[in-house]
Amino acid sequence: MGIIKVENIRVFAHHGCLKEETKIGSDYRVDLEVKADLQTSAKTDSLNDTVDYVFLNNIIKEEMSIPSALLETVARRILNRIFKEDKLVKKATVWVSKLNPPIGGDVEMVTIKMTDRRKK
């Protein structure tokens, strides 16, 4: 098993429970960690034998562009797509952070973390 991390993906999106949040949008940070068997790709030196982090980044950007009330919903969509579209991924963890959330205080970010494993 090996780990691939794609960290500090910065996106502008329109998530939130308040009408203003979905209308004006805000800044988000997404971090992703996937576990997969990387032994074959280590030997073949071929992108076809590994988890392509460009592909992972594209999934995150696409799913973040779909407005949702809850960050949990966005995280679930990201995980679902990763497991559906890349059979090498055995386990994945995603962190979705809203930067400067409108919660009436000086808060840098609010983060949800979700982990899932491939169903056999």
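## A walk through the fold

Among contacts in the protein between residues at least 6 apart in sequence, 60% join residues at least 24 apart. Please keep in mind as you read that this is a predicted model.

The secondary structure comes to four helices and four strands. Following the sequence from its start, you meet them in the pattern β-α-β-α-α-α-β-β. The C-alpha trace spans about 50 × 25 × 20 Å along its principal axes. The protein has 120 residues, and 42% of them count as buried.

### Strand S2 and its neighbours

A good place to begin is strand S2, which covers residues 26–36. Val 30 has its place in this strand. With a relative accessibility of 0%, Val 30 counts as buried, because the cut-off for that label is under 20%. Setting aside residues up to four places away in sequence, Val 30 touches Val 6, Glu 7, Asn 8, Ile 9, Ile 60, Met 64, Val 94, Trp 95 and Val 96. One of these partners, Val 6, is 24 residues from Val 30 in sequence, yet their C-alpha atoms are 8.5 Å apart in space.

Asp 31 also belongs to strand S2. Is Asp 31 buried or exposed? Its relative accessible area is 10%, so Asp 31 is buried. The side chain of Asp 31 makes a polar contact with the side chain of Arg 29, at 2.8 Å. Beyond four places in sequence, Asp 31 touches Val 6, Glu 7, Asn 8, Thr 93, Val 94 and Trp 95.

Glu 33 is another residue of strand S2. Its relative accessibility is 18%, and Glu 33 therefore counts as buried. Leaving out neighbours within four places in sequence, Glu 33 is in contact with Ile 3, Ile 4, Lys 5, Lys 91, Ala 92, Thr 93 and Trp 95.

### Helix H3 and what covers it

Helix H3 runs over residues 53–64. Its twelve residues, at 1.5 Å a residue, should span 16 Å, and the end C-alpha atoms are indeed 16 Å apart, so the two values agree. Which residues of H3 are buried? They are Leu 56, Ile 59, Ile 60, Glu 63 and Met 64. These residues cover an arc of only 120° around the axis, which means that they sit on the same side of H3. The general background is that an α-helix has 3.6 residues a turn, so residues three or four places apart point the same way.

What covers the buried residues of H3 includes strand S1 (2–13), S2, helix H4 (71–85) and strand S3 (89–99). Two of the buried residues of H3, Ile 60 and Met 64, are also on the contact list of Val 30. At the N-terminal end of H3, Asp 52 acts as a cap: one of its side-chain oxygens lies 2.9 Å from the backbone nitrogen of Val 54.

### Two positive phi angles

Most residues other than glycine have a negative phi. Asn 8 and Asp 45 each have a positive value, and the table sets them side by side.

| Residue | Place | Phi | Relative accessibility |
|---|---|---|---|
| Asn 8 | strand S1 | near 55° | 31%, partly exposed |
| Asp 45 | loop between H2 and H3 | near 60° | 73%, exposed |

Asn 8 has appeared already, as a contact of both Val 30 and Asp 31.

### Helix H2 and the largest pocket

Helix H2 covers residues 39–44, and Gln 39 is found in it. Gln 39 has a relative accessible area of 45%, so it is partly exposed. Gln 39 and Trp 95 are 56 residues apart in sequence, and their C-alpha atoms are 26 Å apart in space. Trp 95, for its part, is among the contacts of Glu 33.

The largest pocket has a volume of about 190 Å³. How many residues line the largest pocket, and which are the closest to its centre? There are 15 lining residues, and the closest to the centre are Glu 21, Leu 71, Lys 98, Pro 101 and Val 110. H4 and strand S4 (109–117) are the elements that give two or more residues to the lining. Helix H4 thus comes up again, because we met it above among the elements that cover the buried residues of H3.

Technical notes:
Residues are numbered from 1 along each chain as its sequence is written. This is a predicted model: local features need pLDDT of at least 70, side-chain atom pairs count only at pLDDT 80 or more; totals for chains, interfaces and linings use all residues. Side-chain values use heavy atoms; hydrogens and water are left out. Buried means under 20% relative accessible area, exposed over 50%, partly exposed in between (1.4 Å probe, protein chains only). A polar contact is a pair of N or O atoms within 3.5 Å; within protein, one must be able to donate a hydrogen and the other to accept it, and residues adjacent in sequence count only if both atoms are side-chain atoms. Contact means heavy atoms within 4.5 Å. The expected span of a helix is 1.5 Å times one less than its number of residues. The arc is that of the directions from the helix axis to the C-beta atoms. On a 1 Å grid over the protein atoms alone, a cavity is a set of points where a 1.4 Å probe fits but cannot get out, and a pocket is an open set with protein on both sides within 12 Å along at least five of seven lines; lining residues have an atom within 4 Å of a point. Grid points are joined across faces, edges and corners, and a volume is the space filled by probe spheres set on the points.
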